[in-house]
Amino acid sequence: RAAVGEAVTERLRPFNRWLVAPRAITLDEFFDRAVLPQRILARAAAGIAAVQLLLAIAGLSGLVAYITALRRREIGIRRALGASGSSVVALVMRQGVRLTLAGIALGLALSLGVAQSIADALPVTAGIMAGGLSIAAAIFAIVGSAAMLLPALRTLAVEPASALKSE
């Protein structure tokens, strides 16, 4: 690289004798430096998104656990009447899936609205990435289902007699 810098300096000397190429860098190094701020912002955005996903998991799991606790008596009655464990788990999962789908629908609507307002504010036309939104919705559906699984499986531990006595 030093030889390239010296060669460039020698070629430029007839035009301006004070002009010196201090350090030659490769095109890859130049592009790495040029996109460094964008990379840092992308990593920060990914970190924030991961924290948001964890908060959504905790919130959804807590909400399903709370709703399941409110329905403890009903679950006890169902178990006392002979409902299988899988049907009770399916009942809780269905309830959680409804919450998840409502959250996904609301999140997609808000995302599209925000993306459109940002696209209107920017001088360049930025398209809405339907693929990215689809992937995010699918990830949230999978993670939401996993978050509901623990509260749903806890319903198997509900003893019908203790659930009926508790209230």
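**Group meeting: helix packing around H5**

Okay, so the protein chain here has seven helices and zero strands. Reading from the N terminus, that's α-α-α-α-α-α-α. Keep in mind that this is a predicted model.

Some overall numbers before the helices. The protein chain has 167 residues, and 18% of them are buried. Its accessible surface is about 11700 Å², with carbon and sulfur atoms holding 70% of that. And if you take the contacts with a separation of 6 or more, 70% of them join residues 24 or more positions apart.

Now, I want to spend my time on H5, which covers residues 85-121. As a reminder of the language, two packed helices get described by the angle between their axes and the distance between the axes. I'll go through three partners of H5 in turn.

Start with H6, residues 130-154. What angle do H5 and H6 cross at? Roughly 150°, and their axes come within 9 Å. The cut-off for roughly antiparallel is over 145 degrees, so H5 and H6 are roughly antiparallel to each other. The crossing is right-handed. On the H5 side, the contact is made by Val89, Val92, Met93, Gly96, Val97, Thr100, Ile104, Leu108, Ser111 and Leu112. On the H6 side you've got Leu133, Ala137, Phe140, Ala141, Gly144, Ser145, Met148, Leu149, Ala152 and Leu153. Sort the residues of that contact by class and you get 15 nonpolar, five polar and no charged.

Next up is H3, residues 36-70. Its axis and that of H5 come within 10 Å, crossing at roughly 135°. So that makes H3 oblique to H5. H3 also passes H5 in a right-handed crossing. The residues involved are Leu60, Leu63, Val64, Ile67 and Thr68 from H3, with Val92, Gln95, Gly96, Leu99 and Thr100 from H5. The class split is six nonpolar, four polar and, again, no charged.

Let me stop at Thr100 in helix H5, which is part of the H5 contact with H3 and also of the H5 contact with H6. Is Thr100 buried or exposed? Its relative accessibility is 4%, so it counts as buried. Skip the neighbours within four places in sequence, and Thr100 is in contact with Leu60, Phe140, Ala141, Gly144 and Met148. Leu60 is one of the H3 residues we just met, while Phe140, Ala141, Gly144 and Met148 were in the H6 list.

Third partner: H4, residues 72-80. H4 and H5 pack at an angle of about 155°, with axes 10 Å apart. So H4 is roughly antiparallel to H5, and once more the crossing is right-handed. Glu74, Ile75, Arg78 and Arg79 in H4 meet Gly85, Val88, Leu91 and Val92 in H5. Here the classes come out as four nonpolar, one polar and three charged. Which H5 residue should you click on to see this contact and the other two? Try Val92, which is listed with H4, with H3 and with H6.

One last stop, in the loop between H4 and H5, where Ala83 lies. Ala83 has 25% relative accessibility, so it counts as partly exposed. What does Ala83 touch, leaving aside its neighbours within four places in sequence? Arg78 and Val88. Both of those also turn up in the contact of H4 with H5, Arg78 from H4 and Val88 from H5.

That's my tour of H5.

Definitions and conventions:
Residues are numbered from 1 along each chain as its sequence is written. This is a predicted model: local features need pLDDT of at least 70, side-chain atom pairs count only at pLDDT 80 or more; totals for chains, interfaces and linings use all residues. Side-chain values use heavy atoms; hydrogens and water are left out. Axes are lines fitted to C-alpha atoms, for helices over the stretch in contact, and angles run from 0 to 180 degrees between N-to-C directions. Helices (H or I, at least four residues) and strands (E, at least two) are DSSP runs, numbered from the N terminus. Angles under 35 degrees count as roughly parallel, over 145 as roughly antiparallel, 65 to 115 as roughly perpendicular and the rest as oblique. A crossing is left-handed if the near helix is turned anticlockwise from the far one by less than a right angle, and right-handed if clockwise. Contact means heavy atoms within 4.5 Å. Ala, Val, Leu, Ile, Met, Phe, Trp, Tyr, Cys and Pro count as nonpolar, Asp, Glu, Lys and Arg as charged, and the others, Gly among them, as polar. Buried means under 20% relative accessible area, exposed over 50%, partly exposed in between (1.4 Å probe, protein chains only). Accessible areas come from the Shrake-Rupley method with a 1.4 Å probe; for residues, only the protein chains shown count as cover.
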